[in-house]
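Trainee: I've got the sequence and the structure open side by side. Could we go through them together, one question at a time?

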Amino acid sequence: MGCERCNGWMMPERRVGHSASDELVLGVSWRCVNCGNVLDSVIMQNRTVQVVPAAPTA
Ligand SMILES: [Zn+2]
């Protein structure tokens, strides 16, 4: 898996946090050791949604 910015090496990181409703959130993010770009699983999900093209209205 390469960084989308610089194609550098991405290191997996476990993330533990709390959501707005104070639930425990576990996830994995990827950090580029070259430029520091972070890919988060939530970010990736959001991007997947955004990639879906809108249905034509005509
Ligand atoms: Zn990078």
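Trainee: Let's start with Asn-7: is Asn-7 buried or exposed?
Mentor: Keep in mind that we're looking at a predicted model. Asn-7 sits in the segment before β1. A residue counts as exposed with 12 or fewer other C-beta atoms within 10 Å. Asn-7 has 11 of them, so the verdict is exposed.

Trainee: And what is the phi of Asn-7?
Mentor: Most residues other than glycine have a negative phi. Asn-7 is not a glycine, yet its phi is positive, at about 65°.

Trainee: How far can I trust the chain, that is, what is its mean pLDDT?
Mentor: Take it by element too: helix α1 (residues 41-51) has the lowest mean, 61, and strand β3 (residues 38-40) the highest, 85. Across the protein chain, 79% of the residues reach 70 or more, and the mean pLDDT is 80.

Trainee: In which pattern do the helix and strands follow one another along the sequence?
Mentor: The protein chain has one helix and three strands. Reading along the sequence, you get β-β-β-α.

Trainee: In what order do the strands sit in the sheet?
Mentor: Strands of a sheet pair through backbone hydrogen bonds, either parallel or antiparallel. Here three strands make an open sheet with antiparallel pairing, and the order is β1-β2-β3.

Trainee: Which are the edge strands, then?
Mentor: An edge strand here pairs on one side only. From one strand to the next, the twist averages 30°. The two edge strands are β1 and β3.

Trainee: Over how many bridges do β1 and β2 pair?
Mentor: Follow some partners across. His-18 stands opposite Leu-24, Glu-13 has Ser-29 as its bridge partner, and Pro-12 has Trp-30. The pairing of β1 with strand β2 (residues 24-32) is antiparallel, and the number of bridges is nine.

Trainee: Which residue in the hairpin of β1 and β2 takes a positive phi?
Mentor: Look at the five residues between the strands of that hairpin. One has a phi near 65°, and that residue is Asp-22.

Trainee: How many buried residues does β1 have?
Mentor: To count as buried, a residue needs 20 or more other C-beta atoms within 10 Å. In the whole protein chain of 58 residues, buried ones make up 2%. β1 is hardly covered, and among its nine residues the buried count is zero.

Trainee: On the other side of β2, which residue in β3 is the bridge partner of Ser-29?
Mentor: β2 and β3 pair in the antiparallel sense over three bridges. Ser-29 is also the bridge partner of Glu-13. In β3, the partner of Ser-29 is Asp-40.

Trainee: Which residue in the turn between β2 and β3 has a positive phi?
Mentor: The hairpin of β2 and β3 has five residues between its strands. In that turn, the residue with a positive phi of about 85° is Gly-36.

Trainee: Is Gly-36 buried or exposed?
Mentor: Gly-36 is found in the loop between β2 and β3. Its C-alpha is 9.0 Å from that of Met-10, 26 residues away along the chain. Because it has 11 other C-beta atoms within 10 Å, Gly-36 is exposed.

Trainee: Back before β1, which residues does Arg-5 touch, leaving out those up to four places away in sequence?
Mentor: Arg-5 lies in the segment before β1, and with 11 C-beta neighbours inside 10 Å it counts as exposed. Touching here means C-beta atoms within 7 Å. The residues are Cys-32, Cys-35 and Asn-37.

Trainee: How far apart in space are Arg-5 and Cys-32, C-alpha to C-alpha?
Mentor: In sequence, Arg-5 and Cys-32 are 27 residues apart. For the chain as a whole, 35% of the contacts between residues at least 6 apart join residues at least 24 apart. The C-alpha separation of Arg-5 and Cys-32 is 9.1 Å.

Conventions
Residues are numbered from 1 along each chain as its sequence is written. This is a predicted model: local features need pLDDT of at least 70, side-chain atom pairs count only at pLDDT 80 or more; totals for chains, interfaces and linings use all residues. pLDDT is the predictor's confidence in each residue, from 0 to 100. Two residues are in contact if their C-beta atoms, placed from the backbone, lie within 7 Å. Two strands pair if DSSP finds at least two bridges between them. Axes are lines fitted to C-alpha atoms, for helices over the stretch in contact, and angles run from 0 to 180 degrees between N-to-C directions.
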